[in-house]
Every structure is written in C-alpha cells, then in structure tokens.
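Reader: I should be grateful for a close look at a single part of this model. Please concentrate on one pair of packed helices in one chain, and then place that pair in its wider setting.

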Amino acid sequence: MIATALNLAASGAVKGPKIDWAGLSPLVALLGGVVVVLLAGLLRPRFAREQVVPGLTIVTLLTSLGLTIWQLDEQKNLVAGALRLDGLSTTLTVIFLVAGIAATLLSWRAMAPRESAHGEYFSLVLSSISGMVVLVWAQNTVSLFLGLELLSIPLYVLCATEMRRATSLEAGLKYLVIGSVGSATLLYGLALIYGATGTTDYTATAQAFSAKALSGDTLALAGIALVLVGMCFKCSVAPFHQWTPDVYEGAPTPVTAFMAVATKAAAFGVFLRFFDVALIDAQSTWGPALAVLATITIIVGNVGALGQSSLKRMLAYSSVAQAGYMLAGVVVSTQLGVRATVFYLGAYLVMNLAAFGVIIARERETGLGDDISAVSGIGATRPLLAWPLTVAMLALAGVPATAGFIGKFQLIRATVDGNYTWLGIVIVIGSMISLGYYLKVVAAIWAGAPSTEALATGPALPALAGGAPDAPTTAPPAKPAWELTFVAVVFGAATIVFGIIPQPLFDFVERAGSAFTNLV
Amino acid sequence: MTLHLSFLVWAPAAFALLGAILGGRSRPAVTRALAGLGTLTALGYAIALVVDYKSGGGLQYVTDRMWIRELGIHYKLGVDGLNLFLVLLTSVLFTATTLWALSERRANESQFWVHLGLAHTFVLGALVAQDLALFVAFFDLMLIPFFFLTLGWGVGEREERVRAVTKLVIYTLVGSLLMLTAAIALAVLSSSQSGRNLSFAFSDLSQVTLTTGSQNWIFLCFAAAFLVKMPSFPFHGWMPDGYRSMPLPVLAVFSGVLSKVAAYGFLRIVIPTLPDAAVHFQTLMLLIALASVLYGSVMAFSVTNVRLVLGYSSIAQLGFIVLGVFSLSDQGAQGAILQSVNHGLVVAPAFFIAGLLAARCGGSEDLRDMGGIAFRAPVLTTLFLIVAMANLAIPGSSNFVGEFLILLGLFNSKLAIAIIAFTGVALASVYTLRLFVRAMHNRVGQHVQSRDISVRDGIVLVPLVLCILALAVYPQLPLKKAEASVKRSVAPALAITSPPPTAAAAPGGAVPGAAPVPSGGTDPVTGGTP
C-alpha cells in the first residue's frame, strides 16, 4: 500500500499543488527567520544573544516587509487556494510587520527576553507574526484555524515571559485558558458551518449560502453565532473582553504593545475576510447583531477605562472601545467600510505604539511601573516623551489634526453611507466618554507634580528557577534608552502627519477595499 | 489686491513656534518678540482685509485646494461680510491679550506663547474656513490650546483646575462631536441626493436641500455644538468653573471670541444649508435664547465674583445674538453680527479691568471686597464707565444699534418674544451698573488700595476703548460691509417664512441668493444710529 503510494509519488501521478514562491515569499522569510533567530540564541557570547538576536529579528522583518511591498499589488491564490494574496493581505501584513519591528525595538533591552532567553523570545514574536499572516491570507476555514493557533500559542508564552513576576505568569495562564475557549468556540462554529455548507472554502461557502438559501438555516446560524463569539474573544469585543485588562496589565509591556496593535489587526482582518466574503449572504442576520455588539463594546470599553490608574489597564479598556469603533466598519459590509476599518487599524497602530513607547520608557526609568504617576510632570523634564504621549492620547480621543480624527471621520462616513447613522452617533458618544480618561493623562503630563526619579530600581525579584542562569536579580537600571524615545517620536510624528496628510494612507488602504469585489 | 488668507491664519502659530525654537529657555526675549510679531502680522492683515474688502461682493480672497481627496475635504478659505469683522475682532482681541500677557512674567514662557499662537490660528481658521470639515476641525482644535493654557497657567489649586478644564473640554467637545457626525451626514446625504462626489465645501452643500427629516436631526446636532460653545442656558454648566480657573488674559479672548464662532456658525452653516429645520425650530431656539437672556441677567445680578458677573452677562448677550439670528430676518441677522463684534470689544476690556480691580483690592475678585476704587483712579474709572455704558447698550453706543436691530427683526417675526426680550435690555443696565457702582464707588473695601492705571495697562486698555468709541460713532461700517452676505445667508429661510409674491413663478422657492428683500423691512443701514 505504502509502496504503491510511493511509486505513485515517484512517477508524478500524485501532484502537490503548484507553489507560487514569489507570492509566498513574505511568509517564507518569516518562517526562515524563526529558525535562524532560534539558532542564533544558542550562541555563547552575551553580545550575540543580546544584540545579534534582536538584530536578526529586525532583518527578518525588514526582509519580509520588502518582499510584501514587492508583491503589494498582486492578486493571486497560493497553495491551491488555501491562501490568497490580495490587497487586504498585503496591507495588513505591512501593519503586522511594522508592529513587529516596533515590538522588537521595544523589547531589545527589556526584562522579558533576558529572563526567558533571547532566542526563544524573538522567535516566538516571529512565529506569532507568521500566524497573523496565515490568518488573514487564509481562504478556507482550515488555514484560518491554523493561522489562529499559530498566532495565539506563541502569544500565550510571550505573556508569561517575565517569569519572576506573578502577574506575568497569571496573564499567560489566563490568556491561555480564555484564548483556548475562544478557539474552541470558533472551531465548533466552523464545524457547524461546514456541516451546513459542505465546504471549507470561503467562496464556496458563500456560493452554498446563496444556492441553498442557508441564511435562515438553524445549523448555519448556530455556526455563525459561534464563529462570531470566537472572533469576538480574539478582538476583545464586549462582553467577551474580560481577559483584556488583566492580560494587558500582566504581560510584559512590549508584548502588550505588540498584542494591542498586531493581534487586533489580525483579528479584524479575518473578521472582514470571513464575514464579508464567506458569510456575506447572511449579512442581514449578523449585521444587526454585530451593530449591537459594537455599541455594547464602545460603552463598556470607555466606561471601564474611566476609573483606571494603571496606564496599561486604561489602554486595554481603550482598545476594547476602539475595537467597537472598528466593528462599525465591519457591520456595514461595504468596500468603504473595509477601507475605513483598515485605515483605522493603521491609525491605531501609530497612536498606540507612540503611547507604549513612552510607557515602557518611563517604566524602566522610574520603577513606578505603568501607574499614571510615572508620567506625571514629564512635560517639564522630558519633552521628547511628553509630546508623543500627549499626541497619542489626543489622537485616541479623536482630536482633529491627528490620524485618530481622520480614522473616526472615515468610520462615521462609512456608517452614514451604510445606513447605520445611529452607530456613527454611538461612536461619537464613545469618544466623548473617552475624553474623561485621555485628558486625565494629558493633565498629569503637563500639570502633574514630577515623580521622584530616584526610584531607579524596582523591588528585588525572586530567584529564577530554570531560567537563564545569568539573569539579573533586580530590574535593569534606569538608563534613558534611545530606541524607546525613537519609537515614541517616530510614531507620534506619524500620528500628526497622517492626521494632516492622510491621503497616502488612504491610497495605501484603497487596495484593501478593492480586494472585496463582491461588495459595493 | 490678492491677499492670501493662509498667511493670516497661520502667521500667529508659525511665529510663535519659531520663537519657541529660536528662543528656547535661555532667551525669552526672542520668544516674546516673535510671538508679538505673529499677532501683529495677523492684525495688520485683518485691517488690510477690511480696508480692501469690496462691499456687496460675495466670497473674496478665496483659497481653494483639495486637501483630502478620499473624503472630499477642501482646504478652502474665504472672507465675506459674515466673517470679515469677526476676523478683525479676533485679531484685535488677541493683540490686546498678547500685549497684556507680555507685561507679566510666567513659567515656561515659550510654551505659553506657542499655545496662544495656536489658539489664534485655530480661531481664525474656524472663522475663514469655507469647508464644513475644515470648520469642524478648527472648531474642535480651538479648544485644545485653551485646555493647555488653563492647565499650565490657570488660577487656583491644581486639582481644581484640572477638574474645571476637563469639564470645559468635555462639555464643549460633546457638542462638537455631535456636530462632526451631523457634518458627515450632511455631506454624505447631500452627495447621494445630488449624485455628485462627496464634498464638504459650503458652496456645494448649500445647493442641495435635504429632506425635512434629515434636516431636523442634523440641525439639532449643530445647535447642540453651538449652544454649548456660546454658552447658552441650559448648556452653560462648564462656564462658572472654567471662567474661575482660566488665566485672565486668556479668558478675555476666550470669552470675547470663541462664543462668536458659535454664533457665526449658525449664520454660516445652519441657516443656509438647513433652512427648513431652521424655520421648524425657530420658536424653540428663540425660547432658549430668551431663557439665556433672562437667566444670564438674573445670575449676573446675583453673583459677586467679577469673572462670573461678566460670564453670566455674556450668556445674556449671546442670548440676544441668538435672538437676532433666529428672528430669520435681515435686520436681526445684521444686528447679531454687529452685536457679536460689540460684545467682544466690550467683554475683553471688561476682563482686563477686572484684573486691574483685583490688583487693587488684595487679589480678591469678589465684589464684596471692592468699593471706592474710583477714589484715586479717574482714568480707570472713565475707561470702565465707557465700557460699562457700552455693555448696557446706552443710546449712542454701537451696542444700542445692535440690540435695536435684533429687536426690530424680532418684532417683525415674533412679537411676543420681542416684548419679553425688551426686559433683557433693562436688566443689562441693572447688572452692569451694579458691577460698576459696587466696584468703583460705595464704601471703600477693607484691602482696597486705589491707584490709577499705569502706562503699560493703558497701552492695552485705551486702544480697546477707542475701538468701542469708533464703532459707536460709525456702526455703519460693519453693517454696510456685512449687508449683502447676511441677506444671502438668511434668504433660504426667509423664502420659507415669508414666501415672496413671485413664488408661483419660481417653484421651489429656496434658491440661495435669489430671494428678494421682504417688503416693508427697514433699511438696516440707516436703521439705528441716533
């Protein structure tokens, strides 16, 4: 039996799918990078681990970025239709890679890779990004699930990489448990949809929905509901958001930054892809449900953020609220909605990375952690950190002349255009509530009493069992790290630039909208 | 003559930023000089505009470039009769504030000037913007520098200041954000109705008349934004705290200028583009305005903090302006424009005088601690008296002309409301005289040390008072220049309330700029000056 199979294979009777290596190259580069970085982490010299490994990570990401830009306007199916390279794939891949580069810079001299060994840490970041790429390129539910798990499992580990901090371990475990529940729900839903349609392919699913008139079918609807819940877990859409504040607060801050921007983009990418391609026929069923979820998310996220004094928790709730805004672009199911969502993801990337750069810098310098007092009064002492954080907060609140304003503008336009004007009003009501906590941070920056900079080192940490043997026993000393300021300033500036000259970003996301030929 | 409005708008911010970069922390003189230069440039430019402006012409000095193609947003600036004098007012008041602030030393000076310069730029931008999205952007942005100015250089405890200014920003942005949705909806619905590309330019928007249902909710969102910004009763909750914690020089421009942008918004956007809704909600708006007049007057009469007396009197004055706008008549709207300029010119020196008064009674801004200041300060008393007389609209002042026109317009449309509004005129003299008498005369307060104004104070105060006097002598100047634009602005609404006799010949009626002057209307130019 086996022999016959071998014979068949040898004679070429069983053909593997034709692989378009050019189209697949960004993903291949990432996966190659995972191996190289992991191996480089085994080198003995300290320099190799602490400088070469992050350097190789950045080289990998830049290579992949270059290859993606090379393939930017391609439209083709890859690997026998399991993946697809189109406008949405490439634009979102660029977002993931930029987020990855920023996350690598933020992690470079951070605590987390030192404790968990550099090679492992950075190869996990890279494999998570490859998961994201597979997820949004996926054209059938099998590769969707594959991508989702490849994205999630490294993140579970990354959350727990500050091994001597109980909250980090707690975050990893919590994320693992809740993420698994989400994945299981999603898988169950996918199975039910497969049961109803008899196919795993997106386009075939859409055809089956219209051919068999499945929009009212109980099995299919139950499947859609379960898939919706599973994806809402990943996007932290209320009421499935409870893990977000704890995980964001507990995880090492560079990982939080990465999760906030890249995971969100990946989750929304698959949301757009699956609902606007495969399930478009049932839009009248899931559209209103999603609109209600968006409303709940906007309210819950913004109200939840009001009372927070931890910046990471505040940004976690704010990310919940922002997920609600972006969901509005999914609800309307138009090309305009897709463009608005992807634009907002880009804007969200720059705003959040600017904020996280400052938070990490202050975390390392003051030993006050991510409490709001760590940024208190930095307006007078550290203008290069104060301005990016101010800009980021105002942009997240949607003040004009920032990318956040233009993003909201386009989202509201999409809701009005798609006959969901009331959702546009919900978005602005959310923005009003959000001012309450964003302005609190701005007020602390410019009018707060400066925190005592003397608190250089945090509390001593317990000895590490099974970790890197030369890991330091205290938090690293307070040294202004140029790469953090660099990230904060670059993304802060980008927030303003895209707020004043948004047309290049609009042109860039244009191709994401045109990938959805089935939408108006 | 071509005058590029971009220079006018961006000069204050650009100079202040340049000053901050060149001056830094070591050379504050450079910062101050450049900030002052920026303001003066804008003032000179504004004067040139007024001189050069051709009365009767439409939009002039237009700059029109596509800004964001995807969203159909133009970078379109222009001046016409509606905003011409408000631009001048803004520049005059910011110059006064700059001169005033130059006479004081403060911490982090370069940042102060940058924020003040930005505030100037954003207010001018909102006034000259001829694109709805641009207007909304500037309208929201205006607030941000004031947030920082109050935060950094305000009065009172830090905690209290933060709370007050956060309240101010949230309150006003609540309205503005509703306006954002309304603006987007207005443009999207207009473009889908007319079948053209999305465009936010006022000229494109006013060509399409939306269905009444859409007009109504869009109108309410705009009204919310403008009424909060003014502020108008019952949306004034931010005013007392905000006024108490702002630094006085900043408060003078804030009170003098920002509220006018809101009044201007009604004339520029709401009435031309949403005429049916404006007619539909006319009574509601008039009642809100009337409530503001009465409430503001009564409160101004009962509070003792000088800032709040002026704040509540502003609520009453802004009520008058809204009465004029929503009389939906030429005279009323002209009165509203004139009164906007008048009120700005009166309230800014009034706040300056409030600062001088406080300096003369041990720093207290409470009327109960004042009294008898006139004793050794004849010049200050004279100047204050002129300002007070203008505020209570004594015949002979330009405020009298403004209020007269407003009430005239109101008489022709809503008689009952006009009659009640008259009590507001009387109440104005009650609270203004109370302020003047209790501060300057009466028994000498405990810590009062009366002295006259210094030359430095005079440099700020005297020009402003001269402006009041000049306008009192010659109020025709703004009226004449504004006339054509005002008529064009209220024409769509007028066509609905009092259809012209030729309506049968021109079906549809609401063609902008085509409505004739209503019969029997008094010529506003010769209407008021005694």
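Author: What follows describes one helix pair in chain B, then the chain around the pair, and finally some features of chain A. The model is a predicted one.

The pair consists of helix α3 (residues 81-102) of chain B and helix α11 (residues 248-273) of chain B, whose axes lie 9 Å apart. The angle between them is about 170 degrees. Angles over 145 degrees count as roughly antiparallel, and α3(B) and α11(B) are therefore roughly antiparallel to each other.

From α3(B), the residues in the contact are Leu82(B), Asn83(B), Leu86(B), Leu89(B), Thr90(B), Leu93(B), Phe94(B), Thr97(B), Trp100(B) and Ala101(B). They meet a set in α11(B) made up of Pro249(B), Val250(B), Ala252(B), Val253(B), Gly256(B), Val257(B), Lys260(B), Tyr264(B), Leu267(B) and Arg268(B). By class, this contact of α3(B) with α11(B) comprises 14 nonpolar, four polar and two charged residues. As background to such lists, an α-helix has 3.6 residues a turn, so residues three or four places apart point the same way.

The pair belongs to a chain whose secondary structure comes to 20 helices and two strands. The radius of gyration of chain B is 22 Å, close to the 24 Å that the globule rule gives for 530 residues, so chain B is as compact as a globular protein of that length. Along the principal axes, the C-alpha atoms of chain B fill a box of roughly 70 × 55 × 45 Å. Buried residues account for 63% of the 530 residues in chain B. Among contacts in chain B with a separation of 6 or more, 80% join residues 24 or more positions apart.

Chain B also touches chain A, in a contact that takes 24 residues from chain A and 25 residues from chain B. On the side of chain A, α18 (403-417), α19 (421-447) and α21 (503-514) each supply at least two residues. Of the elements there, α19(A) gives the most, with 12 residues. That side of chain A divides into 16 nonpolar, six polar and two charged residues.

A helix pair may also be described in chain A. Helix α9 (residues 202-211) of chain A and helix α12 (residues 253-278) of chain A pack at an angle of about 35 degrees, with axes 8 Å apart. Tyr202(A), Thr203(A), Thr205(A) and Ala206(A) of α9(A) make this contact with Phe274(A), Val277(A) and Ala278(A) of α12(A). Five of these residues are nonpolar, two are polar and none is charged.

Note on methods
Residues numbered from 1 in each chain as written. Chains lettered and ligands numbered in written order. Predicted model: local features only at pLDDT ≥ 70, side-chain atom pairs only at ≥ 80, totals over all residues. Contact = placed C-beta atoms within 7 Å. Helix = DSSP H or I, 4+ residues; strand = E, 2+ residues; numbered from the N terminus. Nonpolar A, V, L, I, M, F, W, Y, C, P; charged D, E, K, R; others polar. Rg over C-alpha atoms; globule rule 2.2 N^0.38 Å. Buried ≥ 20, exposed ≤ 12 C-beta atoms within 10 Å, placed from the backbone. Axes fitted to C-alpha atoms, helices over the stretch in contact; angles between N-to-C directions. Parallel < 35°, antiparallel > 145°, perpendicular 65-115°, else oblique.
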